[in-house]
Amino acid sequence: MEDKTIYRLDDSISFRKCSLFECDQVTFGDCTNFSTTERNWTTYYGCNQDGIHFHCTKHPEIELEIKETKYYSSIYFCPKCHNSIEIENPMELKSKCLRMLNIPAFKEAKLVRLDDWYIHEIKEKVKDDSGYWVTTNVKTDKDGDTIIVVYVGHKDSNEKAQFFIKPEKGQLTSDHKDMDPAKVLSKIEVYFKDRKLTQEFDD
């Protein structure tokens, strides 16, 4: 049996996604307010509520019924506890439900800043004829600021130098636990909006 999920909106209203939430189907599933269309000699069912159905929070198994519809609002009620709820803008309530559904979907989403001074992430390792390679990775620190990690190494060694560029803080640092940068670089320069940072290395 397919698992069912009821999402709590507030103390009065909860909601669910019906079987027709994603798209029209050839069966109506658990949708309780649908219409039909004929396409290519096949009957398709579509939800009249955009796939969102309101339930009673006190009795989540009970779907709210429409008691009265006004010009700009609707009154829903629970047939079990007889609680009446006036919803001034049902479309906005559906939008609120959709925004809540997006929270878990985007919780782990990658944040991309489009400021003109951010560096695009390089996903592959870049080499040149000398045998040196550079790899970058974009991360976020505990303050929510961007960290651009730059790794530099040589094909004949497993060691690497590691630099941390923090655009919001205007910082350039390196990890002293890694290889001495002087073995692969003589100088590194980073340009920020209001400054240029230079580090030179003596072998």
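**A walk from a buried glutamine to the strand pairs**

With a relative accessibility of 14%, glutamine 49 counts as buried, since the cut-off for that class is under 20% relative accessible area. The model in view is a predicted one, and this residue offers a convenient place to enter it. Glutamine 49 sits in the loop that runs between β4 (42-47) and β5, and a polar atom of its side chain lies 2.9 Å from the backbone oxygen of isoleucine 52. Once residues up to four places away in sequence are set aside, glutamine 49 touches Asn33, Glu63 and Lys94.

Two of these names lead onward, and Glu63 may be taken before Lys94. Which residues does threonine 32 contact, leaving aside its neighbours within four places in sequence? They are Arg16, His53 and Glu63, so listed for a residue that is found in the loop between β2 (13-17) and β3 (34-39). The side chain of threonine 32 makes a polar contact of 2.9 Å with the side chain of glutamate 63, and another, of 3.3 Å, with the side chain of histidine 53. Threonine 32 and glutamate 63 are 31 residues apart along the chain, while their C-alpha atoms are separated by 9.2 Å.Lys94, the other contact to follow, belongs to helix α1, where Pro90, Leu93, Lys94, Cys97 and Leu101 are buried. Seen down the axis of α1, these buried residues fall within an arc of 105°, and therefore they line one face of the helix. On the other side of α1, Ile103 and Phe106 are exposed. The helix itself covers residues 90-106, which makes 17 residues, and reaches 24 Å from its first C-alpha to its last, close to the 24 Å expected at 1.5 Å a residue. Against which strands do the buried residues of α1 pack? Their partners are β1 (7-8), β2, β5 (52-56), β7 and β8.

The strands β7 and β8 also take part in an open sheet, in which 3 strands follow the order β6-β7-β8 with antiparallel pairing. The edges of this sheet are formed by β6 (65-69) and β8 (84-87), each of which pairs on one side only, and from one strand to the next the twist averages 30°. Between β6 and β7 (residues 74-77) the antiparallel pairing extends over 4 bridges, and within it glutamate 65 has phenylalanine 77 of β7 as its bridge partner. In a regular strand the side chains alternate between the two faces of the sheet.

Further along the chain, the strands β11, β12 and β13 can be read through their pairings. Strand β11 (residues 146-154) runs antiparallel to strand β12 (residues 160-166), and 6 bridges join them. The connection from β11 to β12 is a hairpin through 5 residues, and lysine 160 in β12 is the bridge partner of glycine 153. Strand β12 also pairs with strand β13 (residues 171-174), again in the antiparallel sense, over 4 bridges, where phenylalanine 163 has serine 174 of β13 as its bridge partner. The hairpin of β12 and β13 has 4 residues between the strands, and in this hairpin glycine 170 takes a positive phi near 65°.

Technical notes: Residues are numbered from 1 along each chain as its sequence is written. This is a predicted model: local features need pLDDT of at least 70, side-chain atom pairs count only at pLDDT 80 or more; totals for chains, interfaces and linings use all residues. Side-chain values use heavy atoms; hydrogens and water are left out. Two strands pair if DSSP finds at least two bridges between them. Helices (H or I, at least four residues) and strands (E, at least two) are DSSP runs, numbered from the N terminus. Axes are lines fitted to C-alpha atoms, for helices over the stretch in contact, and angles run from 0 to 180 degrees between N-to-C directions. Contact means heavy atoms within 4.5 Å. A polar contact is a pair of N or O atoms within 3.5 Å; within protein, one must be able to donate a hydrogen and the other to accept it, and residues adjacent in sequence count only if both atoms are side-chain atoms. The expected span of a helix is 1.5 Å times one less than its number of residues. Buried means under 20% relative accessible area, exposed over 50%, partly exposed in between (1.4 Å probe, protein chains only). The arc is that of the directions from the helix axis to the C-beta atoms.
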